[in-house]
Amino acid sequence: MSLPTPPTPASATPTDAGQPSADQPATAHPATALSLAEVRERLARGQGNAMPSDTGRSFWRIMQANLFTLFNLIVGGSFALLLVLGYWQDALFGFFVIANVVIGVAQEFRAKLTLSRLAVLNAPRARVLRRDESGGESLHEVRVADVVLDDVLVLAAGDQVTADAVVLEANGLEVDESLLTGESDALDAAPGRELLSGSSIVGGSGLARVIRVGADSYAARITAEAKQFSLVRSELRSGIARIIKWITIALLPVGAIVVNGQMQAVGGWEVAIATGAWREATVASAASLIAMIPQGLVFMTSVALAVGAVKLARREVLVQELAAVEGLARVDMLCLDKTGTLTEGRLVLDSVEPVSDIAGWDAALGHFAADRDANATAKALGERFAAVASLELHAAVPFSSARKWSAAEFRDPRAAGSWVLGAPDIVLAGAAPAAAQPVLARTSELAASGLRTLVLAHSPEALPETEPAAAHLPARLVPAAVLTFREKVRPDAHETLGYFREQGVSIRVISGDDPRTVAAVAREAGVEHVGDGFDARRLPDASTPEGEAELDAIMGREHVFGRVTPEQKKAMVLSLQRLGYTVAMTGDGVNDALALKHADMGIAMGSGAAATRAVARLVLLDGQFSRLPRIVAEGRQVIANVERLAKLFLSKTTYAILFAVVFGLLLWPFPFLPRQLSIVDGLTIGLPALVLALLPNIQKYRPGFLQRAARFCIPSGLIVGGTLISVVAHAYLGGYAAPVVQTAAVITLTLTALWVLVILSRPFTWITTLVVIAAYAGLGVVLSIPIVTDFLQLGAPPIELIAVAVGASVIGSAVLEITHRLLHHK
């Protein structure tokens with residue numbers, strides 16, 4: 001979707017001002033307000049200012065997407081069937097099905113609720129002029145949603161513009177659009193200028209005619225796309241989803257082999273149904289199928305992400321979506337907004353250069369700094385210049401963005417005369433060329449370096465006695481001092497950018513401010529390859545293939561951009577993604593919202609606009625840029641640990657598929673009950689996974705965790721599976737009873753699969769060493785407690801079979817170790 005381009009201070013056309021169209025009622029005369037009847041008529045036509053609230057999928061659709069899947073059908077069906085048959089002891093795996101569905105629904109619905117609260121407009125009420133029944137105009141305070149097309153807004157300092165409007169009358173009216181466009185300076189709002197909904201009035205007062213409402217307004221259009229629901233791009237989540245998809249596909253043919261094999265193992269389908277043996281065959285089939293599914297992988301991944309989110313919350317980082325914890329660790333392109341991200345959002349005095357011998361200039365600057373109505377630039381003078389308490393002010397002209405200067409007159413000998421502080425080209429326009437030209441050349445040079453430049457001038461003449469709106473400069477002005485200001489760069493910016501540079505992350509600075517100013521800030525913050533800053537007004541239109549290609553070339557070459565519109569920020573993020581980068585975008589204004597939405601990782605400052613915080617995946621609550629390296633470290637830990645878990649769980653899936661196919665084709669009874677497999681899983685995977693998921697790990701992110709997991713788990717699973725099959729074959733051919741065979745299978749599988757855990761626990765720490773020892777000891781505890789063996793229906797195997805099981809496990813473990821070393825070396 002395209003967004004309205006922020007307007008220039010040009011006069012609006014009659015159509016802009018709300019003239020009638022074919023499907024709209026006639027517009028009231030610009031000088032008159034709407035009558036109450038006209039307001040009701042517009043509300044009935046749907047021309048009120050109610051904002052659309054659609055955020056995509058409903059709760060029911062989210063529930064359907066997470067619950068009604070083929071995977072859940074098979075696993076949940078097995079769970080329900082075992083409960084119906086009365087084998088609740090074998091249905092423990094159902095916990096993971098429920099947990100995974102709850103986690104999936106909760107994450108999506110929480111994200112949907114966050115987006116539903118997204119809003120650019122935060123004004124609770126609006127003030128409008130309306131005509132009553134007698135024809136008289138009066139001030140009405142109404143809900144924002146009740147503002148209608150052609151209403152006359154009454155605006156004053158501190159108000160938020162609640163709908164797009166054109167200024168009718170202005171008395172020093174000044175508007176701040178920084179959160180919408182990135183332009184940091186307040187703008188003069190003269191009659192005819194269009195005001196954007198969401199902007200703020202920072203000075204003066206005035207009236208404005210509403211020209212766009214509701215979904216057509218700038219505030220609604222800039223948030224409509226941002227409100228569309230989407231999940232953060234997550235390699236872990238997409239990789240695990242692919243695994244689940246492959247396993248689900250495999251379950252159908254393998255399941256048919258398993259069910260048929262278990263029915264044949266009890267005498268065939270007719271005998272099984274006639275004798276009731278189908279119940280035992282069903283339990284064995286369920287055990288075989290459930291063993292194939294890495295149920296705990298999704299759950300443990302969510303646990304690892306949730307713990308990471310809690311740890312980050314303690315460091316003032318709000319994680320809006322769990323998968324965002326791993327996101328920043330994968331980023332190789334960081335796009336930064338200037339104001340509020342690299343800088344603190346305030347000006348500081350950079351330097352003062354006296355250019356004459358006129359006395360009192362420092363006292364005059366102290367007055368401008370202490371003035372109650374001083375703007376942000378003048379207030380910055382207070383860091384160096386203090387007001388002289390006894391200096392009596394005779395006359396003054398307040399600052400106006402239209403005039404671009406302020407003035408003060410003193411009769412005190414310490415600073416006698418009139419002093420003017422403002423833009424050099426305006427203040428010195430009528431000064432003597434001999435004095436003005438060198439100063440103007442110097443200020444142009446300083447401005448070209450990105451500094452904000454003002455000049456202080458003096459005149460022995462008194463200030464003209466006029467109304468502030470008609471004020472003009474005194475005669476005989478002479479420059480006294482040149483002042484430069486710069487934005488205050490965050491003290492942690494240089495170190496943080498240095499960290500990302502060391503990690504191989506590229507940097508782009510993208511701002512709506514002047515390119516020279518952006519370049520100066522970027523240079524001070526330590527950004528490399530700054531240049532002069534690229535003016536985004538020269539960017540090509542990316543709506544065509546040729547424009548996309550040209551934009552991609554510019555984004556690959558340039559590093560600092562100024563005068564960037566919200567739509568351009570989004571296009572620049574998409575361009576970097578086309579170039580193969582994983583992009584993170586930081587920002588604090590509404591103008592950053594679309595870019596944050598489309599970035600792989602959107603990061604908002606806690607002090608930023610509510611709409612921006614709503615679409616961001618991460619929010620730095622205290623606005624500390626230095627939090628980012630810690631987020632990277634936490635993400636790396638989660639990715640590395642989940643990769644280790646994936647290898648553990650998928651090794652089990654591999655050998656479970658091998659069991660299912662081999663025993664199904666050989667028509668042998670499956671050598672485990674579901675409850676027995678639950679205990680083996682708990683010792684070899686479940687309990688160790690709780691520790692492995694949370695271990696410290698600073699391994700640098702490398703793409704392709706799924707391929708690495710496959711290279712490990714397939715050979716490991718085949719070795720474990722081959723070891724178990726050999727022992728079970730020996731037991732079946734030896735004529736041992738089913739409980740004895742199952743006990744030998746439990747011993748063999750536990751001991752062999754635990755060596756997979758040993759390999760993945762390296763390098764050993766005292767924690768991982770305790771985990772491995774506890775897992776081996778756990779097997780002894782299970783086999784030595786009668787109540788446990790009775791619950792698990794384990795028999796007492798002879799010494800010979802135990803020796804075979806242990807010996808095969810030792811051989812299998814040795815083969816696992818050799819294979820791992822060979823693959824690791826390769």
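Which strands does helix α18 (residues 515–525) lie across? Select the helix and keep the question in mind; the tour returns to it at the second sheet.

**The whole chain**

This is a predicted model. Begin with the full chain in cartoon view. Its secondary structure comes to 29 helices and 22 strands. Of the 826 residues, 54% are buried. Among contacts between residues at least 6 apart in sequence, 74% join residues at least 24 apart.

**First stop: the six-stranded sheet**

Select β11 through β16. These six strands make an open sheet, and its order is β11-β16-β15-β14-β13-β12, with antiparallel pairing. At the edges are β11 (343–354) and β12 (393–400), each of which pairs on one side only. From one strand to the next the twist averages 15 degrees.

Now go through some of the pairs, starting at β11.

- β11 and β16: eight bridges hold this antiparallel pair. Pick Ser 351, and its bridge partner in β16 is Thr 484.
- β15 and β16: these run antiparallel and are joined by seven bridges. Pick His 458, whose bridge partner in β16 is Val 478.
- β14 (residues 417–422) and β15 (residues 452–459): five bridges link them in the antiparallel sense. Pick Ser 418, which has Ser 459 as its bridge partner in β15.

Stay on β16 and colour its residues by burial. Nine of its twelve residues are buried, so β16 is largely enclosed by the rest of the structure.

Next add helix α13 (residues 361–370). The helix lies across β11, β12, β13 (405–410), β14, β15 and β16 (478–489), and runs at about 120 degrees to β13. Is α13 mostly covered or mostly uncovered? It is mostly covered, with eight of its ten residues buried. To show the buried ones, select Trp 361, Ala 363, Ala 364, Leu 365, Gly 366, His 367, Phe 368 and Ala 369.

**Second stop: the eight-stranded sheet**

Hide the first sheet and select β9, β10 and β17 through β22. Here eight strands form an open sheet in the order β9-β22-β21-β20-β10-β17-β19-β18, and the pairing is mixed. The strands at the edges are β9 (317–319) and β18 (534–535); each has a single partner strand, so one side of each is left without a neighbour in the sheet.

Zoom in on β17 (residues 506–510) and β19 (residues 560–562). These two run parallel and are joined by two bridges. Ile 510 has Phe 561 as its bridge partner in β19.

Bring back α18 for the opening question. The helix lies across β17, β18 and β19, and runs at about 145 degrees to β19. Then select helix α20 (residues 566–578), which also packs on the sheet. This helix touches β10 (333–336), β17, β19 and β20 (583–587), and its direction makes about 160 degrees with that of β20.

**Third stop: the nonpolar cores**

In soluble globular proteins, nonpolar side chains tend to be buried together. Select Leu 328, Leu 342, Phe 659, Phe 672 and Leu 749 as sticks. They are the residues with the most contacts inside the largest nonpolar core, which has 122 residues. Helix α23 (residues 628–666) gives the largest share of this core, 16 residues.

Centre the view on Leu 328. Leaving aside its neighbours within four places in sequence, it is in contact with Ala 584, Met 601, Ile 603, Leu 628, Ile 631 and Val 632. Another core, of 25 residues, lies apart from the largest one; Phe 534, Ile 554, Val 615 and Val 619 are among its members.

**Last stop: a pocket and a cavity**

Which residues lie nearest the centre of the second largest pocket? Select Lys 647, Gln 699, Leu 760, His 820 and His 824, which hold that position among its 25 lining residues. The volume of this pocket is about 930 Å³. Helices α23, α25 (705–733), α26 (738–760), α27 (766–784) and α29 (799–825) each supply at least two residues of its lining.

Finish inside the protein. Five cavities of 30 Å³ or more are counted, and the second largest has a volume of about 50 Å³. To outline this second largest cavity, select Arg 636, Ile 639, Ala 640, Glu 643, Gln 699, Lys 700, Tyr 701, Arg 702 and Arg 708. Helix α23 gives the largest share of its lining, four residues.

Note on methods:
Residues numbered from 1 in each chain as written. Predicted model: local features only at pLDDT ≥ 70, side-chain atom pairs only at ≥ 80, totals over all residues. Heavy atoms only, no water. Pairing = 2+ DSSP bridges. Axes fitted to C-alpha atoms, helices over the stretch in contact; angles between N-to-C directions. Contact = heavy atoms within 4.5 Å. Core = buried A, V, L, I, M, F, W, Y, C linked by side-chain atoms within 4.5 Å. Buried < 20%, exposed > 50% of the residue type's maximum accessible area, 1.4 Å probe, protein only. 1 Å grid on protein atoms, 1.4 Å probe; cavity = no way out; pocket = protein on both sides within 12 Å on 5 of 7 lines; lining within 4 Å. Points joined across faces, edges and corners; volume = space filled by probe spheres on them.
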